[in-house]
Every structure is written in structure tokens, then in C-alpha cells.
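Let's walk through a protein model together, one step at a time. Keep the picture open beside you as you read.

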Amino acid sequence: MILNTQELGPHQRPAVHFSHEKHAESLECVRCHHDYDEFMNNTGGEGNRCADCHEKEPGDNPLSLIDAFHTQCMECHLEIDQRGLAENIPLACGECHLRARPGGGK
């Protein structure tokens with residue numbers, strides 16, 4: 001799956017190649033596919049896309065789309081690294097936003 005959200009317009013970095021299967025093996029779906037009630041309880045939201053609630057600029061939802069991606073992904077990766085739950089987990093921008101190497105490789 002490539003996280004190439006058209007709502008953001010032209011990207012400053014290459015889109016992220018995201019392994020949904022790999023993440024779904026170790027995370028509960030509601031970690032990413034969340035929906036909160038008026039009491040801020042996570043009620044799920046199975047199948048929703050980030051852009052269904054988060055817009056390019058903060059509006060009704062105070063977290064912009066880009067901030068939602070970065071907060072969700074980076075905070076989770078940092079937490080997993082700090083707890084020593086995985087080796088070689090990407091922590092820097094360029095480890096997820098892969099630039100193509102000359103000759104077409106990654």
C-alpha cells in the first residue's frame with residue numbers, strides 16, 4: 001500500500017510504502033482506524049481513511065492530515081523503539097519516505 005494521499009497535493013517527500021499486513025499482525029485495528037465519541041472513547045472506525053476525518057488544514061478536527069500521519073506513525077515507532085520491541089524500526093523521515101536510487105532501485 002502506498003500512502004499517497006491526493007488531499008495533500010504535491011508531496012515534499014516521496015510517498016510512504018506501507019505494509020498494512022505487517023502492521024495489522026501486531027497492532028489492534030483501532031490504533032489507526034479510530035473514531036472518538038463525545039467522551040473521547042475510541043469507538044473504532046473500521047475501514048476509514050485518515051482523510052475521512054483529517055483535512056489538509058485543521059478544521060473541525062484540530063489535527064491536520066499530515067500531522068495525523070506523522071503523529072500516528074512516528075509516535076508509535078518511537079514508542080516501540082524505546083521499549084525495545086523491534087529491531088531496525090524506521091525512526092528518521094528518509095527511512096519511510098524512500099527516495100529512489102539512481103537506476104530505479106530503492
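Find Phe 69 and look at what surrounds it: among residues more than four places away in sequence, Phe 69 touches Leu 3, Thr 5, Leu 8, Cys 50 and Met 74. Bear in mind that you are looking at a predicted model. Phe 69 sits in helix α2 and is buried, with a relative accessible area of 15%. Folding also brings Phe 69 and Cys 32 to a C-alpha separation of 9.5 Å, although they are 37 residues apart along the chain.

One of those contacts, Thr 5, is worth a visit. Thr 5 lies in the loop between β1 and β2 (16-17), and at 11% relative accessibility it is buried. Leaving aside neighbours within four places in sequence, Thr 5 is in contact with His 11, Arg 49, Ala 51, Leu 65 and Phe 69.

Now step back to helix α2 itself, which runs over residues 65-82. At 1.5 Å a residue, its 18 residues should span 26 Å, and the end C-alpha atoms are indeed 26 Å apart, so the two values agree. Which residues of α2 are buried? They are Leu 65, Ala 68, Phe 69, Cys 76, His 77 and Ile 80. These residues cover an arc of only 130° around the axis, so they lie on the same side of α2. The general idea is that an α-helix has 3.6 residues a turn, so residues three or four places apart point the same way. The buried residues of α2 pack against β1 (2-3), α1 (20-26) and α3. On the face turned away from the buried side, you will find the exposed residues Glu 75 and Gln 82.

Helix α2 also takes part in charge pairing. Side chains of opposite charge can pair when their charged atoms come close. How many salt bridges does a search of the whole structure find? There are two. In one, the side chains of Glu 79 and Arg 31 meet at 3.9 Å, N to O. This pair links distant parts of the chain, with Glu 79 in helix α2 and Arg 31 in the loop between α1 and α2, 48 residues apart. Glu 79 also meets Arg 83 in a salt bridge, at 3.3 Å, N to O. Together, Arg 31, Glu 79 and Arg 83 are linked in a network of salt bridges. Glu 79 is partly exposed at 33% relative accessibility, and Arg 31 is partly exposed at 31%, while Arg 83 is exposed at 57%.

Just after α2, look at the backbone. Gly 84 takes a positive phi of about 65° there. Most residues other than glycine have a negative phi. Asn 88, however, has a positive phi of about 60° although it is not a glycine. You can find Asn 88 in the loop between α2 and α3 (93-96), where it is exposed, with a relative accessible area of 76%.

Finally, turn to the cysteines. A disulfide is a covalent bond between the sulfur atoms of two cysteines. The structure holds zero disulfides. Cys 29 is in none, and the nearest cysteine sulfur, in Cys 32, is 8.7 Å away. Why does Cys 53 not bond with Cys 50? Cys 50 holds the cysteine sulfur closest to that of Cys 53, but the distance is 9.0 Å, which is too far for a bond. Both Cys 29, at 40% relative accessible area, and Cys 53, at 37%, are partly exposed.

Terms used:
Residues numbered from 1 in each chain as written. Predicted model: local features only at pLDDT ≥ 70, side-chain atom pairs only at ≥ 80, totals over all residues. Heavy atoms only, no water. Disulfide = S-S within 2.5 Å. Buried < 20%, exposed > 50% of the residue type's maximum accessible area, 1.4 Å probe, protein only. Helix = DSSP H or I, 4+ residues; strand = E, 2+ residues; numbered from the N terminus. Contact = heavy atoms within 4.5 Å. Expected span 1.5 Å × (residues − 1). Arc of directions from axis to C-beta. Salt bridge = Lys/Arg side-chain N within 4 Å of Asp/Glu carboxyl O.
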